[in-house]
Structures are given as C-alpha cells and as structure tokens.
Amino acid sequence: MPDLYAYTDGACSGNPGPGGWGALLRAMDGATIVKERELQGGEKDTTNNRMELLAAIHALESLARPSKITVVTDSAYVKNGVTGWIFGWKRNGWKTAAKKPVKNVELWQRLDAAQARHDVTWEWVKGHAGHPENERADELARAGMAPFKKGG
C-alpha cells in the first residue's frame with residue numbers, strides 16, 4: 001500500500017481579493033512516486049485563510065475511499081485549527097473562546113467532515129522556503145487565482 005501525501009497551499013492577491021488554492025496529491029512507495037494528481041481552483045473575492053482551507057478540503061474530498069494520508073500545509077491557521085482549536089469550537093457550538101462566531105465556520109465544518117472519513121496526519125512546513133512540493137502547491141494556487149485577477 002503506497003503512502004499518500006497532500007501538499008496544500010492558498011494564495012491571495014490582496015486580502016481580501018482574488019484568490020486561489022492548490023493541492024498536489026502523491027502516492028509514494030518509498031522514494032518512488034507511484035501516482036500524482038494536481039488540483040486547483042479559485043474565487044474572485046476571498047481571503048488567504050479561506051483558500052488555505054479550501055486546498056485541504058479539496059485534497060481530502062478528492063479521495064474516492066477512506067485513506068491514511070499526510071496533509072502538508074504551510075498554514076499555521078489550518079494546522080492549528082484542525083489539530084487544536086476545532087475541538088473547543090465544536091464544544092462551544094462553533095464559537096471561539098471569546099464567544100464570537102468562528103470565522104469561515106462553513107469551511108471548518110466541511111474540513112471536519114472531510115477529514116472524518118480518513119486517517120489524517122497534519123504537518124506544517126515553512127512556506128516559500130524551497131520545499132519542492134510546497135512550492136508546487138503554491139504554483140497551483142497561483143494558477144487557480146489567475147482567472148480571477150484583473151486581465152485574467
């Protein structure tokens with residue numbers, strides 16, 4: 001059984017502004033790439049955090065069957081949210097510790113549902129630091145944003 005990885009990233013031109021998300025999915029057998037798939041998309045008026053969330057959501061939702069997968073993100077917001085904050089938010093009826101509504105709640109709920117089908121390990125990497133798969137996810141996010149930018 002190959003190891004599955006999803007490298008995800010979001011991008012925004014202005015925040016808010018036109019944005020894109022990208023995901024590089026890889027099945028690995030040791031150091032050998034068995035299969036690879038790239039996903040991308042975007043929106044006309046969005047935020048960077050929404051695009052980071054959508055990248056992870058689409059990566060997980062694209063899997064046809066429950067899988068063991070490592071999701072690698074450069075977003076501390078996504079990593080900290082899904083591995084920590086989300087438990088308190090759910091307990092508090094999707095309110096923050098300050099009793100305010102959780103921002104992007106519909107995306108957090110969608111991510112929660114998407115990851116529930118799988119055995120997910122979350123990893124954070126520093127963005128724009130030469131990590132090849134993260135750089136590719138960034139390129140996909142920028143390509144997803146391109147049609148929504150002026151002149152795109």
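This report walks through a few aromatic rings and two buried residues in a predicted model.

Let's start with the overall picture. UniProt, in an unreviewed entry, lists residues 1–146 as "domain: RNase H type-1". Over that stretch the chain is 38% helix and 34% strand, with the end C-alpha atoms 36 Å apart.

Now for the rings. The structure holds five aromatic pairs, and here are two of them:

| Pair | Centre to centre | Angle between planes | Arrangement |
|---|---|---|---|
| Tyr5 and Tyr7 | 6.1 Å | 15° | stacked |
| Tyr77 and Trp108 | 5.2 Å | 70° | edge-to-face |

The Tyr77 and Trp108 pair ties together distant parts of the chain: Tyr77 sits in helix H2 and Trp108 in helix H3, 31 residues apart. Both Tyr77 and Trp108 are buried, and they join Trp85 and Trp89 in one aromatic cluster. Over at the other pair, Tyr5 is partly exposed, at a relative accessible area of 25%, whereas Tyr7 counts as buried because its value is 11%, and buried means under 20%.

Helix H3, which spans residues 105–116, also carries Ala114. With a relative accessible area of 6%, Ala114 is buried. Leaving out residues up to four places away in sequence, Ala114 touches Ile57, Leu60 and Glu61. Its C-alpha atom is 9.8 Å from that of Pro66, 48 residues away along the chain.

Finally, there's Ser75, in the loop between strand S4 (68–73) and helix H2 (76–91). Loop or not, Ser75 is buried, with a relative accessible area of 6%. Setting aside neighbours within four places in sequence, Ser75 is in contact with Glu52 and Trp124.

Notes: Residues are numbered from 1 along each chain as its sequence is written. This is a predicted model: local features need pLDDT of at least 70, side-chain atom pairs count only at pLDDT 80 or more; totals for chains, interfaces and linings use all residues. Side-chain values use heavy atoms; hydrogens and water are left out. Helices (H or I, at least four residues) and strands (E, at least two) are DSSP runs, numbered from the N terminus. Buried means under 20% relative accessible area, exposed over 50%, partly exposed in between (1.4 Å probe, protein chains only). Contact means heavy atoms within 4.5 Å. UniProt positions are given in the numbering used here, feature names are shortened, and annotations may be inferred rather than shown by experiment. Rings of Phe, Tyr and Trp (its six-membered ring) pair if their centres lie within 6.5 Å; planes under 30 degrees apart count as stacked, over 60 as edge-to-face and the rest as tilted.
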